[in-house]
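Open the structure in a viewer and keep a selection tool at hand. The stops below go one at a time, each with something to select and a note on what is there.

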Amino acid sequence: MRIEHELKLGFKDVLFRPKRSTLKSRSQVDLTREFTFKHSGRQWKGVPIIAANMDSVATFEMAKALAAHDVMTAVHKHYTVEEWQEFVEGSDAEVLKHVMVSSGTSEADFEKMSAILSFSDELMFICIDIANGYSEHLVEFVTQVREAFPDKVITAGNVVTGDMVEELILAGADIVKVGIGPGSVCTTRVKTGVGYPQLSAIIECADAAHGLGGRIIGDGGCSCAGDVSKAFGGGADFVMLGGMLAGHDESGGEIVEVDGNKFMRFYGMSSQSAMDKHAGGVAGYRAAEGKTVLLPFRGSVNYTIQDILGGVRSTCTYVGAAQLKELTKRTTFIRVQEQENNVFGKE
C-alpha cells in the first residue's frame, strides 16, 4: 500500500485568472478545432463537444440537433443494426461526420459495429466504451479494431492516468476517454472507492496523450458551461457531456408528470434502471453503479447548447483566446474555496 500526497483537483477547486484581451466581442471567438488523428490519418473540423453515449442523452435525434451546431454525438450502443441503417440512409454527410458509433468489447459488439460502419464511409468515429479502461481486454480489443479499420478514428476508455493513456494510444487509439466516477448519475466512487478528480485527470492525461500525438476526451464532471471551459483549459481536446444535455426533447428519456410538472428520467449506464432495460437486471456478481433521477423537462436542446457555447466563448474573451485551441495556453487556474454566491439559490 502507498499514498500519493499531491493534491488532485476537480472543477470546483479552481477559477480562471482573467488576462488582458484584445477581443471586443464574444462573436470574435472561433470554437472550432481541426485535428488530424494519429493512426487513422483522418481529418476533422468542428466544435469538440460530444453528447455522451447514454441512451437518455445520445439519440439519433440528438445527433441531428447537435450537428446543426457543429457539435458531436457518441450515439448509444443500444440501437439495432436496422435502426442504424435507417438513420444513415436518412442523414446527410454533415450529420454523419458528427457521429461516433459506440461499442462494447465482445465479439458480438465487434460484429454489430462492423455492420453499422459498412453503411457509410462518412461514419469515421468509433467509440469503444467500458467502465474500467484498465482491463487488458480493452487494449487487445483496440488492437483488433485498429487492424480491422485502419482508416477509422478510434476512441477508447475510460481511464484517468497517463500510463494507461499511453498504452491505449500505442495499441491504436487516436483518442482516449478520460474520467472515472465524475458523472452526475455515476456512483462508482461510492460503490468502489475508485476515482480521480476530473481536472487533474485531464491535465495529466492530456500531457501523456499529446506527447505521443494522441488526443483526449474529458468525460464527465461538468455541471455548467464554466466547467466545460475548465476542461478545455486543462488540456482536453474534446469534452463529453451527459447530464447537461439530458432532459430535452431530443434526449430520448421517459417523460414523467408530477403534480402537473413534466420531468424526464435520467440514469447512469451502470444503474439498475439501465441494466433492467438492457441486461435483464443487475447480475448477481456485481452492484449497480449509477443513479436514476428525474430532471425538469427542458424542451429543445438548441437553447442549452447555445448557452454552453456562449459560456465557453465568454471564457475565451476573459483570457484573450481568439480561438479555442489557444485557451489552454492562455489558462492560469487559481485555487479557490468558493465558486459562486448562492444566497438566492443556484441558477
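Select Gly 183 to begin: this glycine is found in the loop between strand S8 (175-178) and helix H7 (188-192). Helices (H or I, at least four residues) and strands (E, at least two) are DSSP runs, numbered from the N terminus. Gly 183 has a relative accessible area of 27%, so it is partly exposed. Buried means under 20% relative accessible area, exposed over 50%, and partly exposed in between (1.4 Å probe, protein chains only).

The model is predicted: local features need pLDDT of at least 70, side-chain atom pairs count only at pLDDT 80 or more, and totals for chains, interfaces and linings use all residues. Residues are numbered from 1 along each chain as its sequence is written, and side-chain values use heavy atoms, with hydrogens and water left out.

**The annotated loop**

Stay in this loop and add Gly 181 to the selection. UniProt, in an unreviewed entry, lists Gly 181 and Gly 183 under "binding site". UniProt positions are given in the numbering used here, feature names are shortened, and annotations may be inferred rather than shown by experiment. Gly 181 is also in the loop between S8 and H7. Is Gly 181 buried or exposed? With 14% relative accessibility, Gly 181 counts as buried.

Now show what surrounds Gly 181. Not counting residues up to four places away in sequence, Gly 181 touches Cys 186, Thr 188 and Arg 189. Contact means heavy atoms within 4.5 Å.

Select Cys 186 next. The annotation "active site" in the unreviewed UniProt entry covers Cys 186, and this cysteine lies in the loop between S8 and H7. Its relative accessibility is 25%, so Cys 186 counts as partly exposed.

**Two other loops**

Which residues does Arg 20 touch, not counting those up to four places away in sequence? Select Arg 20 and look for Gly 320 and Arg 330, which are its contacts on that count. Arg 20 is found in the loop between strand S1 (14-16) and strand S2 (33-36). At 79% relative accessibility, Arg 20 counts as exposed. Draw a distance from its C-alpha atom to that of Pro 182: the two residues are 162 residues apart along the chain, and the separation is 33 Å.

Go on to Gly 41, in the loop between S2 and strand S3 (43-51). Gly 41 is partly exposed, with a relative accessible area of 42%. Its C-alpha atom and that of Ile 180 are separated by 28 Å, with these positions 139 residues apart along the chain.

**A strand and its contacts**

Select Leu 295, which lies in strand S13 (residues 292-296). Leaving aside neighbours within four places in sequence, Leu 295 is in contact with Gly 243, Ala 246, Gly 247, Lys 262, Phe 263, Met 264 and Phe 266. For one of these, Phe 263, the C-alpha atom is 5.2 Å from that of Leu 295, although the two are 32 residues apart along the chain.

**Backbone details**

Turn on the backbone atoms for three short stops.

- Gly 157 and Asn 158 are joined by a cis peptide bond, with omega about 15°. Asn 158 is in strand S7 (residues 153-159).
- Asp 70 is not a glycine, yet its phi is positive, near 70°. Asp 70 lies in the loop between helix H1 (60-67) and strand S4 (71-75).
- Asp 259 has a positive phi of about 50° and is not a glycine either. Its place is the loop between strand S11 (255-258) and strand S12 (261-267), and with a relative accessible area of 77% Asp 259 is exposed.

**The whole chain**

Clear the selection and zoom out. The protein chain has 11 helices and 14 strands. Its radius of gyration is 19 Å, close to the 20 Å that the globule rule gives for 347 residues, so the chain is as compact as a globular protein of that length. The radius is taken over C-alpha atoms, and the rule is 2.2 Å times the number of residues to the power 0.38. Along its principal axes the C-alpha trace spans about 55 × 55 × 50 Å.

Colour by burial as a last step: of the 347 residues, 52% count as buried. Of the contacts with a separation of 6 or more, 68% come from residues 24 or more positions apart.
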